[in-house]
Amino acid sequence: MKARVTVMLKDGVLDPQGEAIRQALGSLGFDGVTGARQGKVIELDVAPDTEEAQIAEMCEKLLANTVIESYRIEVL
């Protein structure tokens with residue numbers, strides 16, 4: 001079974017990489033981009049009996065810094 005975890009900075013947390021992306025797109029002529037946020041996607045191969053609560057525990061303990069990041073879990 002596969003699980004996809006998307007980790008993003010929480011709203012209000014400064015995202016210098018996202019800002020660099022926005023500025024670079026503007027310099028390439030893509031003037032319509034008014035904001036960009038950068039995150040990470042982690043795909044996990046897990047045992048078929050793995051519960052979403054276990055994946056959430058993985059996020060809380062290792063995959064996301066929950067002070068400044070939020071996460072979304074998709075079981076595929």
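# Briefing: a three-stranded sheet and the helix across it

In this predicted model, 3 strands form an open sheet in the order β2-β1-β3, and the pairing between them is antiparallel. Strands β2 and β3 stand at the edges with a single partner strand each, so one side of each is left without a neighbour in the sheet. From one strand to the next, the twist averages 20°. Helix α2 lies across β1, β2 and β3, and runs at about 150° to β3.

**How the strands pair**

- Strands β1 and β3 pair in the antiparallel sense over 7 bridges, and two of the residue pairs can be followed by name: Arg4 has Glu74 in β3 as its bridge partner, while Met8 has Ser70 in β3 as its bridge partner.
- On the other side of the pairing scheme, β1 is joined to β2 by 6 bridges, and these two strands also run antiparallel; here the bridge partner of Thr6 is Val41 in β2.
- Thr6, which is found in strand β1, counts as buried because its relative accessibility is 14%, and the cut-off for buried is under 20%.
- Once neighbours within four places in sequence are left aside, Thr6 is in contact with Lys40, Val41, Ser70, Tyr71, Arg72 and Glu74, and Val41 in this list is also the bridge partner of Thr6 in β2.

**Helix α2 and its two faces**

- Helix α2 covers residues 52–63, and although a straight helix of 12 residues would span 16 Å at 1.5 Å a residue, α2 spans only 14 Å between its end C-alpha atoms.
- The buried residues of α2 are Ile55, Cys59 and Leu63; seen down the axis of α2, these buried residues fall within an arc of 50°, so they line one face of the helix.
- An α-helix has 3.6 residues a turn, so residues three or four places apart point the same way.
- The face of α2 that is turned away from the buried side carries the exposed residues Ala53 and Lys61.
- What covers the buried residues of α2 includes the strands β1 (2–9), β2 (40–45) and β3 (69–75).

**The largest nonpolar core**

- The largest nonpolar core has 11 residues in all, namely Ala3, Val5, Val7, Ile42, Leu44, Val46, Ile55, Cys59, Leu63, Ala64 and Ile73, and β1, β2 and α2 each supply at least two residues of this core.
- Val5, one of the core residues, touches Lys40, Val41, Ile42, Leu44, Ile55, Cys59, Leu63, Tyr71, Arg72 and Ile73 when residues up to four places away in sequence are not counted.
- Leu44, which has its place in strand β2, is buried because its relative accessible area is 18%, and the cut-off is under 20%.
- Leaving aside neighbours within four places in sequence, Leu44 is in contact with Met1, Lys2, Ala3, Val5, Ile55, Met58 and Leu63, among them Ile55 and Leu63, which are buried residues of α2.
- Leu44 and Ile73 both belong to the core, and although they are 29 residues apart in sequence, they are 10 Å apart in space, C-alpha to C-alpha.

**Helix α1 and the loop that leads to it**

- Helix α1 (residues 16–27) has 12 residues and reaches 16 Å from its first C-alpha to its last, which is close to the 16 Å expected at 1.5 Å a residue.
- Just after α1, Gly29 takes a positive phi of about 100°.
- Asp15, found in the loop between β1 and α1, is buried, with a relative accessible area of 8%.
- Apart from neighbours within four places in sequence, Asp15 is in contact with Leu9, Ala36, Arg37 and Gln38, and the C-alpha atoms of Asp15 and Gly39, which are 24 residues apart in sequence, are 9.4 Å apart in space.
- Arg22 is found in helix α1 and is partly exposed, with a relative accessible area of 24%.
- Not counting residues up to four places away in sequence, Arg22 touches Val33, Thr34, Gly35 and Ala36, and the C-alpha atoms of Arg22 and Gly35 are separated by 6.0 Å although the two residues are 13 residues apart along the chain.

Methods
Residues numbered from 1 in each chain as written. Predicted model: local features only at pLDDT ≥ 70, side-chain atom pairs only at ≥ 80, totals over all residues. Heavy atoms only, no water. Helix = DSSP H or I, 4+ residues; strand = E, 2+ residues; numbered from the N terminus. Expected span 1.5 Å × (residues − 1). Buried < 20%, exposed > 50% of the residue type's maximum accessible area, 1.4 Å probe, protein only. Arc of directions from axis to C-beta. Contact = heavy atoms within 4.5 Å. Pairing = 2+ DSSP bridges. Axes fitted to C-alpha atoms, helices over the stretch in contact; angles between N-to-C directions. Core = buried A, V, L, I, M, F, W, Y, C linked by side-chain atoms within 4.5 Å.
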